[in-house]
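The exercises below are meant to be worked through with the structure open beside the page. Try each task before reading its solution.

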Amino acid sequence: MTALLRSPILDLHEARPVHIIGVPFGAGAGLAGCEFAPATFRAHGLAGRIAATGRPVARDTDVTFTNELALLSASAPARNVGAVATALRATHKATLEALQAGEFPLVLGGDHSISMGSVSAASRYARAHGKRVAIIWLDAHADFNTPETSPSGNLHGMSLAQLTGERSLSNLAGAQVFTPIRAQDVTIIGLRSVDDGEERALEEAGIHFYAPDQVRARGMSAVIEETLRRHDPATTHLHVSLDLDVMDPAHVPGVGTPVENGLTPAEILEAASMLAASGMMASADLVELNPTRDRDGRTVDIAITLAAALLGIAASA
Ligand SMILES: [Mn+2]
């Protein structure tokens with residue numbers, strides 16, 4: 001048995017209060033709808049579900065930003081770049097303030113472009129405290145396009161590239177937002193949709209990734225253990241970014257960019273629970289819920305169970 005499996009379960013009453021940060025923003029995606037996700041999580045009782053377990057919920061608020069329509073642009077290479085920059089700045093600020101207040105930021109997208117704000121805030125906070133951010137990106141997609149390689153121009157497909165060095169958005173977003181993150185500190189799990197330009201860039205950058213077939217062959221627990229072993233618990237601020245499309249659309253229809261052959265909710269639940277038990281996770285995102293695509297609320301229900309698991313709350317709680 002490894003040290004990871006012997007890690008004590010979080011004492012929920014003693015754990016840092018959760019700050020739920022809703023980001024009602026969908027202009028980084030190709031399809032409208034993610035902007036309704038925070039309200040949907042709220043309507044389905046996310047905060048109450050967490051608080052009922054004894055883990056304190058400090059706040060449940062949405063970030064506010066002016067969705068400046070004048071900055072929306074329909075065409076490639078970077079659609080709606082001004083609006084995305086505005087949203088990610090607001091997300092960055094809210095996430096940083098939560099961390100500085102001793103809270104655990106649980107950032108609810110919104111589409112995956114908003115993670116440029118949350119992850120960069122985690123990185124900035126970690127650096128100020130002598131730590132370094134490691135990212136686990138649970139996603140069907142690499143989100144490693146640039147405006148030059150992206151077939152769609154959708155910025156939710158460029159966020160990881162921006163965070164690890166591409167940074168063509170930095171002038172718009174404010175340079176301090178993009179605190180550098182080392183590509184070798186990033187692991188993508190569930191990856192199965194990679195654009196032509198992304199594949200080479202991923203390998204050149206040295207990002208670790210696991211396709212669903214690799215996860216199934218080895219077991220999720222082995223993949224998570226291997227990933228965590230790459231990081232020193234004493235100096236790592238682990239940020240988990242969970243894109244719901246990491247799962248198969250048969251289970252999770254309420255996403256904007258579904259990809260077949262995904263992982264199961266049980267596999268992602270196992271990953272989330274192990275990551276919570278690692279003691280290294282200090283912030284997380286849950287993104288790409290598109291309520292307009294959901295059927296009978298099944299996606300939001302699974303998403304709420306996963307959010308709880310990321311906070312160390314067992315599925316039966
Ligand atoms: Mn994504």
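A salt bridge is a side-chain nitrogen of Lys or Arg within 4 Å of a carboxyl oxygen of Asp or Glu. Please keep in mind throughout that this is a predicted model.

**Exercise 1. Salt bridges**

Task: Find how R218 and E226 meet, and state whether each of the two residues is buried, partly exposed or exposed.

Solution: Begin with the distance, which is 2.9 Å from N to O, and compare this value with the cut-off of 4 Å. The side chains of R218 and E226 therefore meet in a salt bridge. Next, look at accessibility, where buried means under 20% relative accessible area, exposed means over 50%, and partly exposed lies in between. R218 has 41% relative accessibility and counts as partly exposed, and E226, with a relative accessible area of 25%, is partly exposed as well. Salt bridges can also share partners, and in this way R42, D60 and D62 are joined into one network. The structure as a whole holds nine salt bridges.

Task: Describe the salt bridge of R59 with E103, and then that of R216 with D213, saying where in the chain the partners lie.

Solution: In the pair of R59 and E103, the closest N and O atoms are 3.3 Å apart. This pair links distant parts of the chain, since R59 belongs to strand β2 (residues 57-62) while E103 sits in the loop between α4 (81-100) and β3, 44 residues apart. R59 is partly exposed at 40% relative accessibility, whereas E103 is buried at 8%. Turning to the second pair, the side chains of R216 and D213 form a salt bridge with an N to O distance of 3.0 Å. Here both residues lie in helix α9 (residues 212-218), where they are three residues apart, about one turn of the helix. R216 has a relative accessible area of 36% and is partly exposed.

**Exercise 2. The manganese ion**

Task: Identify which residues coordinate the manganese ion, and work out which parts of the chain H112 and D139 tie together.

Solution: The first step is to list the donors, which are ND1 of H112 and OD atoms of D139, D143 and D243, at 2.0 to 2.3 Å from the manganese ion. Read along the chain, these donors follow the spacing H-x26-D-x3-D-x99-D. The second step is to place two of them: H112 lies in the loop between β3 (104-108) and α5 (115-128), and D139 lies in the loop between β4 (132-138) and α6 (159-163), so the pair ties together parts that are 27 residues apart in sequence. As a last step, consider accessibility: both H112 and D139 are buried.

**Exercise 3. Backbone details**

Task: State what is particular about the peptide bond from G109 to G110, and about phi of R167 and of E288.

Solution: Start with the peptide bond from G109 to G110, which is cis, with omega near 0°. G110 lies in the loop between β3 and α5. Then turn to phi, which is near 50° for R167, a positive value in a residue other than glycine. R167 is placed in the loop between α6 and α7 (170-173), and with 24% relative accessibility R167 counts as partly exposed. Phi of E288 is also positive, near 75°, in a residue other than glycine. E288 is found in the loop between β8 (281-287) and α12 (298-310), and its relative accessible area of 1% makes E288 buried.

**Exercise 4. A charged patch and two pairs in space**

Task: Name the residues of the patch of negative charge on the surface, and give the place of E203.

Solution: The patch gathers D196, E199, E203 and E204. Of these, E203 lies in helix α8 (residues 196-205). Its relative accessible area is 54%, which is over the cut-off of 50%, so E203 counts as exposed.

Task: Compare separation in sequence with separation in space for A85 and N171, and for A307 and V107.

Solution: A85, a buried residue with a relative accessible area of 1%, is found in helix α4. A85 and N171 are 86 residues apart in sequence, and their C-alpha atoms are 9.3 Å apart in space. A307 is found in helix α12 and is buried, with a relative accessible area of 0%. A307 and V107 are 200 residues apart in sequence, while the distance from C-alpha to C-alpha is 10.0 Å.

Technical notes:
Residues numbered from 1 in each chain as written. Predicted model: local features only at pLDDT ≥ 70, side-chain atom pairs only at ≥ 80, totals over all residues. Heavy atoms only, no water. Donors = N, O, S within 2.8 Å, 3.2 Å for Na, K, Ca; no water. Helix = DSSP H or I, 4+ residues; strand = E, 2+ residues; numbered from the N terminus. Buried < 20%, exposed > 50% of the residue type's maximum accessible area, 1.4 Å probe, protein only. Patch = residues over 30% accessible without salt bridge, like charges linked within 9 Å, V, L, I, M, F, W, Y side chains within 5 Å. Areas by Shrake-Rupley, 256 points an atom, 1.4 Å probe, with all protein chains shown as cover. Lys, Arg positive; Asp, Glu negative; His and termini not counted. Charge placed at Lys NZ, Arg CZ, Asp CG, Glu CD.
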